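Welcome! Open your viewer, get comfortable with rotating and selecting, and follow along one stop at a time.

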Amino acid sequence: QRCRPIRSGSNHKKPFETRVVQHMLQGPRDLPEVLKEFEEKALACTDNLALLFKLGRLYLRNGNPEDARRAYQKILSQDPENVAARVEAALCEAHLHQYDEAIFHLEEALARQPQSSGVLIAFSRVYEQKGDVENHLAFLRRAANSAAKHPEIRLQLAEKLRRYGDFSGAIREYRTLLELNPDLETARFGLATLLMKQEQFWEAIEHLQTLLQHHPSAHDAQFNLGQCYFRLKRYELAATVLVAAQRGLRNNPILRFLLAQTWAQLGDFDRSLVLLEKLVEENEDNQGYQKALGEAFIRAGEFDSARAIFEILARANPEKPDYTIRWAQVLHQQKHFPEVLPILQSLFARHPGHIEGHRIFGETLLAMGRLKEAREEFAKTLMVSESYLPGLQGMVNVSRAMIDPEAEYKALQKLLIFDPGNVSVVFRLGQLERQLKLPTSLDRFRKVTEMSPLSDMGRESAYYLRHSKG
């Protein structure tokens, strides 16, 4: 049979080409055999451009970009106006890191088809491979704008922007997609997840609810909706949606963890603890779950269980001071003061100057009546940070326990500098000034009545003011 030239745009297929397609569908294992057969046919039909075009793609698929480039160059030597061949030749050059040649071919193709989304996408791919992110995204955006009927291009653009961290840009593209294609659920879901990252929870909720109106059992959408409600502290709504999501995502540990946190916020500690204990049992090495379980035990008032968890975490991870601090705090809360001191001393050996450790040490010594030592510990916290409010409050408390009004007054003045809105500090200053017969006490009491008129301190301040006028 005589070989006839076939342009790459023709729909005509010869029986041989059909056989090649069938061979290709058998998988990569038969690729060398198919390639050899194709090469033999191409040699016999050098003017068959469609055959050369397919051969080039087959070379590229087989990892031979140089042979593919030669095949496309043969096409272009016979048909310089062949845009598809120019695009493929450019992609071959990019595979060979010959980016200038690739861009030259694409510029020639674009000059012939200025609005071709295929050429613009090829430009984008070449610049992506070159590492030129700006041009990669610019050409992908041009392709999206030139092919409004192909939303998948703009969807790809949005995903690329998201991958590169341009969340605002990705949000704009998703919104554009939804204006043109309001039923495009992939775009709506992608937009909702990005809005959540930007903490625009109410708008994210609107999109997720729209998705769920069409697909009530879309469990991923329910899960994200539950996260939005949780972040907005709408815990009852969060619990309802997360329970629904769990029907389809029963083994999702993140969902179960969030649901446990939600139950805890609602005060349903039984459900919260059951979920967390199960997560810890299934994920023995997950310290985040263990820590959350310990915190849940504290909120539920089960301090012995909380202490056991934080003790295990602290002993297993001495390099992480937070666990030791929490262990000491639980013991302090249980008033096991003698046990707290050696735990914190071991903490200081590994983490000297730990400000929270010295605070708890000071509060423990204060509770034990060792006032001078307690004052020294609070002073250590202020050496680390003079604006450390718990340390300043500790100095106030120690001075008051020592019945030293002048020292307490000085400590309160320092505390007020860094915490000017603290009503109790202003009130106590007024009391001390009245006790020390300083003229500024009335100004303090007036300030308290302005800051908190309905509180006990506000009413007592009003009494002092009336009494002083009497």
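Is leucine 208 buried or exposed? Leucine 208 has a relative accessibility of 0%, so it counts as buried. Keep in mind throughout that this is a predicted model.

**Stop 1: around leucine 208.** Select residues 201–214 to light up helix 12, where leucine 208 sits. Now add alanine 192 to your selection: it lies 16 residues from leucine 208 along the chain, and their C-alpha atoms are 6.6 Å apart.

**Stop 2: helix 5.** Next, select residues 83–95, the 13 residues of helix 5. From the first C-alpha to the last, helix 5 reaches 19 Å, close to the expected 18 Å. How many of the residues of helix 5 are buried? The count is 11 of the 13, so helix 5 is largely enclosed by the rest of the structure. Try colouring some of the buried residues, including Val83, Arg86, Glu88, Leu91 and Cys92.

**Stop 3: a charged patch.** Turn to the surface and select Asp270, Glu277, Glu281, Glu284, Asp285 and Glu302, which gather in a patch of negative charge. Aspartate 270 belongs to helix 16, residues 269–282. Its relative accessible area is 61%, and because exposed means over 50%, aspartate 270 counts as exposed.

**Stop 4: a nonpolar patch.** Finally, pick Leu389, Ile417 and Phe418, which make a nonpolar surface patch of about 270 Å². Leucine 389 is found in helix 23, residues 389–401. With a relative accessibility of 32%, leucine 389 counts as partly exposed.

How values were computed:
Residues are numbered from 1 along each chain as its sequence is written. This is a predicted model: local features need pLDDT of at least 70, side-chain atom pairs count only at pLDDT 80 or more; totals for chains, interfaces and linings use all residues. Side-chain values use heavy atoms; hydrogens and water are left out. Patches are made of residues with over 30% relative accessible area and no salt bridge: like charges are joined within 9 Å, nonpolar side chains (Val, Leu, Ile, Met, Phe, Trp, Tyr) within 5 Å. Accessible areas come from the Shrake-Rupley method with a 1.4 Å probe; for residues, only the protein chains shown count as cover. A salt bridge is a side-chain nitrogen of Lys or Arg within 4 Å of a carboxyl oxygen of Asp or Glu. Lys and Arg count as positive and Asp and Glu as negative; His and the chain ends are not counted. The place of a charge is taken as NZ of Lys, CZ of Arg, CG of Asp or CD of Glu. Helices (H or I, at least four residues) and strands (E, at least two) are DSSP runs, numbered from the N terminus. Buried means under 20% relative accessible area, exposed over 50%, partly exposed in between (1.4 Å probe, protein chains only). The expected span of a helix is 1.5 Å times one less than its number of residues.
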